[in-house]
Amino acid sequence: AGLPDGVFNVVHGDKTAVDAILDHPGIAAVSFVGSTPIAKYVHQKATATGKRVQALGGAKNHAVVLPDADLEFAANHLTAAAFGSAGQRCMAISVTVAVGEAGDALVEVLKQKAEEVKVGPGDDPTSEMGPVVTAAAKDRAENAVASGLAQGAEVIVDGSGLSVPGHEGGFFVGPSLLDKVTPDMDAYKNEIFGPVLAVARAADVDEAIRLINANPYGNGTALFTSSGAAARRFQREVKVGMIGINVPIPVPM
């Protein structure tokens with residue numbers, strides 16, 4: 001990019017390398033994206049040495065779909081937001097809140113979209129979704145589907161046990177879709193960080209907003225609607241850092 005030597009450096013390492021950065025007196029600020037426990041560790045250790053810190057932790061990003069939304073448009077974007085990068089990104093949409101009569105129709109379209117996603121290795125140009133990063137990540141995603149079923153959710157699409165020919169040992173999980181998920185279920189409460197989309201139901205936008213505001217995570221949220229009034233109200237009342245209106249991953253770039 002034309003920067004002078006030493007301005008931008010890529011350093012590989014584990015906790016030892018991170019601690020060296022956090023402790024070094026010549027580093028004035030650090031930014032971190034990762035799990036909540038490590039975000040807290042980075043924040044505490046770096047601020048103790050007087051550094052400015054940006055520490056972004058876990059997420060459970062909700063997207064609300066109102067009955068007046070274009071369901072095909074919403075489902076296309078939610079599919080990409082939930083299953084892109086195999087769901088392994090901090091701004092992935094992992095909960096869709098279907099409001100009122102939007103529910104059944106939205107789930108049907110999401111089912112179709114999820115089943116159409118082509119899972120395969122990253123070096124195959126026809127692959128639309130690759131594997132998750134580790135065996136533990138694969139187990140976590142598949143366990144989320146199993147626990148959802150055990151706790152009363154409806155499994156609409158189950159990507160567990162997927163085998164990709166020629167890559168049978170790979171950590172592949174297909175897109176999974178759960179419906180009628182409630183806040184007491186593990187699939188709702190926990191950050192899965194995998195290709196599992198949970199659909200919760202809400203009677204109206206008031207209930208949807210309460211659901212989002214009651215969640216301990218507040219990275220990002222989105223609303224799909226054709227109503228300007230609903231969009232303005234949603235923006236004012238949700239307690240979330242980044243908000244998208246008809247945009248599924250509201251990250252300023």
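**Figure 1. Two domains make up the division of this predicted model.** Domain 1 covers residues 15-56, and domain 2 covers residues 61-245. If you place a centre in each of them using the C-alpha atoms, domain 1 and domain 2 lie 31 Å apart.

**Figure 2. Here is the protein as a whole, with its helices and strands.** Eight helices and nine strands form the secondary structure. Along the principal axes, the C-alpha atoms take up a box of roughly 55 × 50 × 40 Å. The radius of gyration is 20 Å, which agrees with the value near 18 Å for a compact globule of 253 residues. Among contacts with a separation of 6 or more, 63% join residues 24 or more positions apart.

**Figure 3. Next come the surface and the charges of the protein.** Its accessible surface amounts to about 12800 Å², and carbon and sulfur atoms contribute 55% of that. Of the 253 residues, 43% are buried. The protein carries 20 positive and 28 negative charges, and the mean positions of these two sets are 9 Å apart.

**Figure 4. This close-up turns to aspartate 179, a residue of strand S6.** Strand S6 runs over residues 176-179. Is aspartate 179 buried or exposed? Its relative accessibility is 3%, so aspartate 179 counts as buried, the cut-off being under 20%.

**Figure 5. The surroundings of aspartate 179 complete the set.** Which residues are in contact with aspartate 179, once its neighbours within four places in sequence are left aside? They are Val107, Ala153, Glu154, Ile156, Val199 and Arg201.

Methods. Residues are numbered from 1 along each chain as its sequence is written. This is a predicted model: local features need pLDDT of at least 70, side-chain atom pairs count only at pLDDT 80 or more; totals for chains, interfaces and linings use all residues. Side-chain values use heavy atoms; hydrogens and water are left out. Helices (H or I, at least four residues) and strands (E, at least two) are DSSP runs, numbered from the N terminus. The radius of gyration is taken over C-alpha atoms; the globule rule is 2.2 Å times the number of residues to the power 0.38. Buried means under 20% relative accessible area, exposed over 50%, partly exposed in between (1.4 Å probe, protein chains only). Contact means heavy atoms within 4.5 Å. Accessible areas come from the Shrake-Rupley method with a 1.4 Å probe; for residues, only the protein chains shown count as cover. Lys and Arg count as positive and Asp and Glu as negative; His and the chain ends are not counted. The place of a charge is taken as NZ of Lys, CZ of Arg, CG of Asp or CD of Glu. Domain bounds come from an automatic or database domain assignment.
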